[in-house]
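Student: Before I trust any labels here, can you walk me through what earns each one? Let's pull up the model.

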Amino acid sequence: MINIPKGTKDVLPQDSYKWQYVESVAREVATLFNLKEIRTPTFEHTELFNRGVGETTDVVTKEMYTFKDKGDRSITLKPEGTAGVGRSYIENGLGNGALPAKMYYLIPAFRYERPQAGRLREFHQFGVEVYGASSAQTDAETILIADTLLKKLGLQIKLYINSIGCPTCRAAYNQALKDYFHPHLGALCGDCRTRFEKNPLRLLDCKEEGCKAVNKDAPKILDYLCEDCAAHFEEVKSCLALAGVDYEIDPRIVRGLDYYTRTVFEFVSTSIGAQGTVCGGGRYDGLIEQLGGKPTPAVGFAAGIERLLMVMEQSGVVIPEPIKPTVYLAGMDGDCRKKAFELATILRNHGVIAEVDLMERSLKAQFKYADKLGAKYVAVIGGNELEEGRANVKSMETGESVPVAFGEIVEYFLN
Ligand code: HAM
């Protein structure tokens with residue numbers, strides 16, 4: 001037997017309605033905020049993620065599914081959605097259209113991580129990207145989209161926000177980080193010693209215990225924000241308050257991807273263990289230029305579908321079950337089965353959910369199966385019924401049976 005690859009999951013027929021529910025609520029919220037769906041390829045040129053996500057991030061250095069295709073090009077399965085959307089925005093000249101460009105996507109993403117509860121190698125995201133608007137209201141509206149989604153899914157999840165400034169204030173902060181970390185270099189992991197040289201902000205994102213201990217007392221970015229970034233952050237907070245969104249400031253959020261500037265945020269649940277971040281995002285005003293486009297302000301987030309479903313289950317959220325068949329048509333034998341098949345087709349053509357036996361089972365076994373399916377009615381066609389041109393329709397709820405002429409069966413179930 002061939003097993004499923006480590007870190008991946010099947011969504012089975014009995015569970016897929018839960019996914020469809022989350023996806024439909026996500027689309028409903030997207031519509032409410034006038035976002036349009038964008039679909040980009042599952043794989044891109046590796047260079048896109050090296051440049052976009054950042055060469056010192058764990059995602060790029062350790063987690064990408066990268067391979068050479070038969071044309072000897074380096075290809076990567078997308079580890080996240082933002083870089084691909086940015087590429088598409090530039091390539092398709094979306095910046096020449098109506099701005100802001102407000103987009104969403106539902107995608108699979110791939111990261112070679114150590115699998116554990118809530119951490120997979122193939123996972124799924126609902127993501128939002130808004131291009132062209134630099135106002136703090138845009139940051140607040142983007143956070144509000146995530147907040148609305150979580151609330152519509154019946155979840156109460158804590159929001160943490162921070163600002164990591166712009167290149168101007170980041171330069172002073174990077175220097176402060178270097179001054180702080182220099183005497184502790186010996187206690188840091190090998191990766192962090194590289195990060196110290198290349199991108200000191202990444203030091204704050206290390207998962208190693210020894211590094212986390214040193215990070216505890218590192219200088220806080222909020223103390224280094226330039227005047228514009230500080231004013232922007234104040235405005236974001238005031239818009240969130242205006243929208244009635246509760247938040248807490250966490251100066252330790254730096255995010256795991258390099259493109260962020262100014263506002264960053266995470267919705268973190270305490271109910272699903274270590275991988276509690278169900279949604280993360282922020283502003284990334286430098287990415288489009290970094291990828292070769294015109295300077296373009298941008299802000300977005302992504303929520304992990306698997307994690308959302310985990311929190312929903314933990315919180316006892318009841319997801320509406322799929323609609324059950326209205327009628328199961330049970331034919332006793334040969335010609336009766338054919339009649340059942342014909343009537344099922346006519347009923348379906350009129351929009352009635354109808355099921356029919358495909359297993360050539362006995363009437364008793366068909367009843368058992370109809371019960372398992374949760375069919376509301378079973379329409380029995382035996383020899384007598386066939387002769388008299390009617391089905392014997394039994395309500396599975398009340399047990400009552402009524403004869404219904406074949407010619408009136410559609411009308412019967414449509415009423
Ligand atoms: P991210 O924080 O890397 O951000 O991922 C967003 C969400 O995807 C996480 O909060 C989590 O729910 C889910 N997720 C990430 N990795 C895994 C995994 N291995 N297994 C299961 N779920 C996972 C981004 O991806 C950014 N592109 C978000 C963004 C959009 N920022 C601006 N625009």
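Tutor: Sure, residue classes to begin with: Ala, Val, Leu, Ile, Met, Phe, Trp, Tyr, Cys and Pro count as nonpolar, Asp, Glu, Lys and Arg as charged, and the others, Gly among them, as polar. On that split, the lining of the second largest pocket has 12 nonpolar, 4 polar and 7 charged residues. This is a predicted model, where local features need pLDDT of at least 70, side-chain atom pairs count only at pLDDT 80 or more, and totals for chains, interfaces and linings use all residues. Numbering starts from 1 along each chain as its sequence is written, and side-chain values use heavy atoms, with hydrogens and water left out.

Student: What makes a residue part of the lining?

Tutor: A pocket is an open set of points on a 1 Å grid over the protein atoms alone, where a 1.4 Å probe fits, with protein on both sides within 12 Å along at least five of seven lines; lining residues have an atom within 4 Å of a point. For the second largest pocket, 23 residues pass, and the closest to its centre are W19, E306, L309, M310 and E313.

Student: Which helix gives the most to that lining?

Tutor: Helix 11, with 6 residues; helices are DSSP runs of H or I, at least four residues, and strands are runs of E, at least two.

Student: How do you know that strand 15 and strand 16 pair?

Tutor: Pairing takes at least two DSSP bridges. Strand 15 (390-395) and strand 16 (401-405) have 5 and run antiparallel, so they count as paired. One of the partners is P403, bridged to N392.
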